[in-house]
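Opening a fresh notebook page for this one. I'll jot down what I look up as I go.

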Amino acid sequence: MRVMDGQLTDLWRFSRPALAARYFEQLLSGTSGRLALFGPRRTGKTSLIAREIVPLAERAGMIPVYCDCWQDRMDPLGSINFALESAIEAIEVPASTTKRRLQTEVKKLGAAGFSIEFGSEPKGRIPDSPFFKMDWLLGRLIARARRPVFLVIDEVQGIGEHKEGERIAGALRTALTRHEKAVRVLFTGSSETQLTKMFAQARASLYQFAARTAYAPLDADFVAHVAQRFTAATQRQLDEARGLEVLRLLGNQPEALLSVVQVPLARADRTLDDGLESLLAPATTTPWAQYWEQSTLLQQAVLVTVGTGLQLNSEAARSAIGALGGTPSLSISSVQRAVGALRSRGLIERSTLSSKAVYHLTDPVFELWISRNGSSLLRHALHDSSPRRLPEPMPSAAKALPRRRPSR
């Protein structure tokens, strides 16, 4: 079984117009015109925005601009500028009309429930600095579109994770403040810790810059919808109570639940629990199996230890990691390098903003997958025909730990 069949996801998609309208109203009626929406990954947040909130903005006369700060994790500011440039290029206005519009004086227009001011197009050539370029592009978009801008900045924690995160956040705050009468902004993020760091810490550049609200994940209503579609397709009943338990066990991830449902959908003698076992089986092609196989042996041992709640730089954690990998002890620097690699891939993050090195897995399904498979896979890896113990990783990237596929 291949997880997350696209056709099944689209066919059984569940709309939530009331929730979309509530978030959009919060954005328009809020004093800042900016909303930060936190919700774990894979829970339907981006789909709600793209398919339901963005159309609301378009019907309100706004021009939507979507950017993903994880499009290039090494350059989140470049992702924002690229989205703005693409929006400018997409505006189709006859040249004569454009010229007349750009020659008009600053005007005010009431649209989407707020007052908008349009200025003239920025003078001069586009700045070389990407920090100034963002402000310039936003000004040009507003002047050329003559419509309010609905800006979605997805996975905004990508800014906070960047080495120049505060500098990027400062430039973003300046640009959005300067154009705030013509722009409404929806920040989204999947890291509650990073969003707290960016929007709630007093010294952060985006401190109190946006109202924060928690995303409402799909729950019982979605399971009822899936059960109805299941019955329509098979003339059989789906166990809704168990379906809701499975959905919550999977971190309210709709595509993961639909992958579980595929098993009883295909065979009448199979249940949701059979589908769950298939989803979590190491041999099944899933993102979680791939995350594991793409990790070094040391990183795999760290992933298993993360679930214990230990401080990863503590002696107890290093002993546990070493025991999983067949090595009596590991240095702090070895564990730190493995942790850094896992963080850069978005698989783990700090549980708190404190200095304590306590981490958690960012994906609850991956956490469940590891709890069921991680220790046994490591044992098999250590007792196969060519056992390998955890080496001390070298500082050079060229001498990194070799990737190992565990035997099954």
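**Entry 1: a strand pair.** I started with Cys-67, which stands opposite Ile-153 in strand S5. Keeping in mind that this is a predicted model, I checked how the two strands run. Strand S2 (residues 63-68) and S5 (residues 149-154) pair in the parallel sense, over six bridges. Then I asked myself which residues of S2 are on its covered face and which on its uncovered one. Ile-63, Val-65 and Cys-67 make up the covered face, while Pro-64, Tyr-66 and Asp-68 are on the uncovered one.

**Entry 2: the cores.** Next I looked up the largest nonpolar core, and it has 51 residues. Leu-250, Val-302, Ile-348 and Trp-369 are the ones with the most contacts inside it. Helix H18 (residues 364-382) gives the most to this core, eight residues. There's also a second, separate core of 40 residues, and Val-65 turned up again there, along with Phe-131, Ile-168 and Phe-199 among others.

I followed Leu-250 a bit further. Leaving out residues up to four places away in sequence, Leu-250 touches Ala-256, Leu-257, Val-260, Leu-276, Leu-279, Pro-364, Val-365 and Leu-368.

**Entry 3: a covered helix.** How many residues of helix H15 (residues 297-306) are buried? I got 10 of 10, so to speak a full house. Val-302 from the core list is one of these buried residues, and Gln-299, Gln-300 and Thr-305 are among them too. I then looked for what covers the buried residues of H15, and found that the cover includes helices H14 (287-293), H16 (315-325) and H17 (332-344), strands S8 (348-350) and S9 (359-361), and H18.

**Entry 4: a cavity.** I searched for cavities of 30 Å³ or more, and the structure holds one. Its volume is about 30 Å³. I wrote down the lining: Val-223, Val-226, Leu-238, Gly-243, Leu-257, Val-261 and Leu-272. Leu-257 is one of the residues that Leu-250 touches. Helix H10 (220-234) and helix H12 (254-266) are the elements that give two or more residues to the lining. By type, the lining residues are six nonpolar, one polar and no charged.

**Entry 5: one arginine.** Last, I looked up Arg-267, found in the loop between H12 and helix H13 (272-280). Is Arg-267 buried or partly exposed? Its relative accessible area is 40%, so it counts as partly exposed. I also checked its distance to Thr-234: the two are 33 residues apart in sequence and 9.7 Å apart in space, C-alpha to C-alpha.

Technical notes. Residues numbered from 1 in each chain as written. Predicted model: local features only at pLDDT ≥ 70, side-chain atom pairs only at ≥ 80, totals over all residues. Heavy atoms only, no water. Core = buried A, V, L, I, M, F, W, Y, C linked by side-chain atoms within 4.5 Å. Buried < 20%, exposed > 50% of the residue type's maximum accessible area, 1.4 Å probe, protein only. Helix = DSSP H or I, 4+ residues; strand = E, 2+ residues; numbered from the N terminus. Contact = heavy atoms within 4.5 Å. 1 Å grid on protein atoms, 1.4 Å probe; cavity = no way out; pocket = protein on both sides within 12 Å on 5 of 7 lines; lining within 4 Å. Points joined across faces, edges and corners; volume = space filled by probe spheres on them. Nonpolar A, V, L, I, M, F, W, Y, C, P; charged D, E, K, R; others polar. Pairing = 2+ DSSP bridges.
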